[in-house]
Amino acid sequence: VAAEHDVPFVCVPAGTRNHFALDLRIDRNDVVGALDAFVEGDERRIDLGRVSGRLFVNNVAMGFYGAVVQSAQYRDHKVRTVVQMLPDLLGPDAEAFDLRLTGRGGRTFETAVLVLVSNNPYLFDPRPGKGTRANIDSGQLGVIAVTGPPPRGLAEWTTASFRIDSGAPVAVGIDGESVLMEPRLLFESSPKALRVRVLARRPVRTPVPRRRGRRKGPSALPPDRQ
């Protein structure tokens, strides 16, 4: 809505993992403090991603992850659901995912275990607390495709647009939300599409704990201190 009407957006980190807040360099442990950005924040513009016209701020995942988030049990028991579904999705008798894509250099693939398209590329080894993306305003999508055993089956590249074909509806996770989309899927970067207000990074203030215990009255003090 903010992007459609070109009004500033403020991110309040009250979610589960707050990846978007982390990449905006917002203190995820200070939910109330984030509200100050409404009146004191500095404004900048960042990119948004689109998949067949639908917006996303973080990423869209297909293949294994897209199938897992379709499960009704995933929200309450993420790890358990993944473990239980692994044999059927990736075992020797598993049916290959119908995901057709063209990678870097024009190389084509007829299937992929996982395809992750992100709004700006992810860092493989981000430093703790520094974010998972170097920036969110490069006008590029990041694509990670697992098409076979690593390292040869792992490909990573950046592009302004990307396409996935399939012979059936594709299960996708859009910013963690389970969606079933009709092919073909067209991914595009929308450069500088969103105005955001972000507070300048401030040190987190740790409150000094109050000491507990019985308060001593005057009669409990030595005579020379009463």
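**Exercise 1. Ser52**

Task: Classify Ser52 as buried, partly exposed or exposed, then place the residue in the fold and report its phi.

Solution:
- Step 1. Ser52 has a relative accessible area of 39%. The model is predicted, so this value is computed from predicted coordinates.
- Step 2. Buried means under 20%, exposed means over 50%, and partly exposed lies in between. Ser52 is therefore partly exposed.
- Step 3. Locate the residue: Ser52 sits in the loop between β1 (42-51) and β2 (54-56).
- Step 4. Check the backbone. Phi of Ser52 is near 50°, a positive value, and the residue is not a glycine.

**Exercise 2. Asn18**

Task: Find the loop that holds Asn18, give the sign of its phi, and decide whether Asn18 is buried or exposed.

Solution:
- Step 1. Asn18 belongs to the loop between α1 (2-5) and α2 (19-23).
- Step 2. Its phi is positive, about 55°, although Asn18 is not a glycine.
- Step 3. The relative accessible area of Asn18 is 17%. The cut-off for buried is under 20%. Asn18 is therefore buried.

**Exercise 3. A nonpolar patch**

Task: List the residues of the nonpolar surface patch, and name the helices that each supply at least two of them.

Solution:
- Step 1. The members are Val12, Val31, Val32, Leu35, Phe38 and Val39. Together they make a patch of about 550 Å².
- Step 2. Two helices, α3 (31-34) and α4 (37-40), each contribute at least two patch residues.
- Step 3. Now take Val12. This residue is in the loop between α1 and α2.
- Step 4. Val12 has 33% relative accessibility, so it counts as partly exposed. Patch membership needs over 30%.

**Exercise 4. The open sheet**

Task: Write the strand order of the open sheet, identify its edge strands, and describe how β9 pairs with β12.

Solution:
- Step 1. The sheet has 6 strands, in the order β2-β1-β12-β9-β4-β5. The pairing is antiparallel.
- Step 2. The edges are β2 and β5 (108-109), since each of these strands pairs on one side only.
- Step 3. β9 (residues 161-165) and β12 pair in the antiparallel sense, over 4 bridges.
- Step 4. Pick one bridge: Ser161 is partnered by Glu188 in β12.

**Exercise 5. A cis bond**

Task: State which peptide bond is cis, and locate Arg184.

Solution:
- Step 1. The bond from Pro183 to Arg184 is cis, with omega near 0°.
- Step 2. Arg184 lies in the loop between β11 (177-181) and β12 (185-198).

Note on methods. Residues are numbered from 1 along each chain as its sequence is written. This is a predicted model: local features need pLDDT of at least 70, side-chain atom pairs count only at pLDDT 80 or more; totals for chains, interfaces and linings use all residues. Side-chain values use heavy atoms; hydrogens and water are left out. Buried means under 20% relative accessible area, exposed over 50%, partly exposed in between (1.4 Å probe, protein chains only). Patches are made of residues with over 30% relative accessible area and no salt bridge: like charges are joined within 9 Å, nonpolar side chains (Val, Leu, Ile, Met, Phe, Trp, Tyr) within 5 Å. Accessible areas come from the Shrake-Rupley method with a 1.4 Å probe; for residues, only the protein chains shown count as cover. A salt bridge is a side-chain nitrogen of Lys or Arg within 4 Å of a carboxyl oxygen of Asp or Glu. Two strands pair if DSSP finds at least two bridges between them.
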